[in-house]
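User: I would like to learn how to read the features of a protein model. Please take me through them one at a time.

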Amino acid sequence: MVVSRISVLAFLLCLLGPGVVGEPTFAEGPIVMLTDTSLCLQVTWRLENPTSQNCIISWGTASLESSVSSQETGDTGENAHRHTVQLCQLQSHVSYTYTVTCDGTTFKGNFLSPPDNSVSTSTTPSSVRFMAYGDTRTHLDVHNGLAGEMLALVKRTPDFGSFVLLSGDLVAKGGEPSYWTHEFFNATEAPNLKQLLSQVPYMACMGNHETDKTGRDDYNGTLFREKFPYPYVDSSAFYWSFAYGPDVRVFALD
């Protein structure tokens, strides 16, 4: 049997899974999330052992019309090699594609932009559809299956791609980095969850398990805050809110 080089290359690309071309250097994300700024959306990701501190994120509707260079946030420890970028001046409530390229590795994703917060336009939805769930810790296989159902719902009814609300308890021990690695940011065992995070704005509030750390009952949830840089009211608080169009505001209270 003769196997061409093209066939071998195609087989290897299939093994890498959807979204990623090249070596999988994304330890977390990309995660899309809403901000409290009209027509803006935030994307955050963390790299594994990068050779460069710079990435390029590009986005657009018909094509990738806009791009910006992203630098690491400068954090150390478990949040090292973190990138967080705001994409602003988006068109109201339309589908976008985007790519994140770091060290020659490219992730491809898409999202539905939020409607204008300040005024109703012809693209402002007459009603807001969203998805909500919670307490995802421990059973990653169940979580991955549920993420797959959510993606299928968004494919059938794109307006459900507005945002996802999660009521807390993402992992069993949010003060332990290994729990985030194995119970949440595990692209091998939870590819649907990885795609959901990169496609539908993921808006989670902190649960009591995010403050759980072995040997401590006073852990302050720093890892949750680093991984999900929402528009918190100040540097010590874990509550925040966001608007979705001119008529809807969602509050996350901890």
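What follows is a dialogue that goes from the whole chain to its sheets, and then to single residues.

User: Where do I start, and what kind of model is this?

Analyst: This is a predicted model. Start with the secondary structure of the protein chain, which comes to 5 helices and 13 strands. The chain has 254 residues, of which 48% count as buried. It exposes about 12600 Å², and carbon and sulfur atoms supply 52% of that area.

User: What share of the contacts join residues at least 24 apart in sequence?

Analyst: Taking contacts between residues at least 6 apart, 67% join residues at least 24 apart.

User: How do I read a sheet, for instance the one with the order E9-E10-E11?

Analyst: The general idea is that strands of a sheet pair through backbone hydrogen bonds, either parallel or antiparallel. Here 3 strands form an open sheet in the order E9-E10-E11, with parallel pairing. At its edges are strand E9 (131-133) and strand E11 (202-204), each of which pairs on one side only. From one strand to the next the twist averages 20°. Between E9 and strand E10 (residues 164-166) there are 3 bridges in the parallel sense. One residue pair to look at is Ala132 with its bridge partner in E10, Leu165.

User: Which helices pack on that sheet, and at what angles to E9?

Analyst: Helix H2 (residues 140-156) lies across E9 and E11 and runs at about 165° to E9. Helix H4 (residues 191-199) also packs on the sheet, where it touches E9, E10 and E11. The direction of H4 makes about 130° with that of E9.

User: Is Val200 buried or exposed, and where does it sit?

Analyst: A residue counts as buried when its relative accessible area is under 20%. Val200 has 1%, so it is buried. Its place is in the loop between H4 and E11. Leaving aside neighbours within four places in sequence, Val200 is in contact with Val32, Met131, Val154, Phe160, Gly161, Phe163 and Val164. One of these contacts, Val154, is 46 residues away in sequence, with a C-alpha to C-alpha distance of 8.8 Å.

User: What does an antiparallel sheet look like here, taking the order E2-E3-E6?

Analyst: That one is an open sheet of 3 strands, and its pairing is antiparallel. Strand E2 (26-34) and strand E6 (82-87) are at the edges; each has a single partner strand, so one side of each is left without a neighbour in the sheet. The twist averages 15° from one strand to the next. Strand E3 (residues 41-47) pairs with E6 over 6 bridges, and in that pairing Gln42 stands opposite Gln86.

User: Which peptide bond in this region is cis?

Analyst: The bond from Gly29 to Pro30 is cis, with omega near 5°. Pro30 lies in strand E2.

User: How are E4, E7 and E8 joined?

Analyst: Count the bridges for each pair. Strand E4 (residues 54-60) and strand E7 (residues 95-102) run antiparallel and are joined by 5 bridges, with Val100 in E7 as the bridge partner of Ile57. E7 also pairs with strand E8 (residues 105-112), in the antiparallel sense over 8 bridges. There, Tyr96 stands opposite Phe111. The hairpin of E7 and E8 has 2 residues between the strands, and Asp103 takes a positive phi near 55° in this hairpin.

User: Where else does a residue other than glycine have a positive phi?

Analyst: Gln89 has a positive phi of about 55°, and phi of Asp169 is near 60°. Both are in loops: Gln89 between E6 and E7, and Asp169 between E10 and helix H3 (177-183). Read their accessibility as well. Gln89, at 77% relative accessibility, counts as exposed, whereas Asp169, at 12%, counts as buried.

User: Which residues form a nonpolar patch on the surface?

Analyst: Val233, Tyr239, Phe251 and Leu253 form it, with about 450 Å² of accessible area together. One of them, Phe251, is in strand E13 (residues 249-252). Exposed means over 50% relative accessible area. Phe251 has 56%, so it is exposed.

Terms used
Residues are numbered from 1 along each chain as its sequence is written. This is a predicted model: local features need pLDDT of at least 70, side-chain atom pairs count only at pLDDT 80 or more; totals for chains, interfaces and linings use all residues. Side-chain values use heavy atoms; hydrogens and water are left out. Patches are made of residues with over 30% relative accessible area and no salt bridge: like charges are joined within 9 Å, nonpolar side chains (Val, Leu, Ile, Met, Phe, Trp, Tyr) within 5 Å. Accessible areas come from the Shrake-Rupley method with a 1.4 Å probe; for residues, only the protein chains shown count as cover. A salt bridge is a side-chain nitrogen of Lys or Arg within 4 Å of a carboxyl oxygen of Asp or Glu. Helices (H or I, at least four residues) and strands (E, at least two) are DSSP runs, numbered from the N terminus. Buried means under 20% relative accessible area, exposed over 50%, partly exposed in between (1.4 Å probe, protein chains only). Two strands pair if DSSP finds at least two bridges between them. Axes are lines fitted to C-alpha atoms, for helices over the stretch in contact, and angles run from 0 to 180 degrees between N-to-C directions. Contact means heavy atoms within 4.5 Å.
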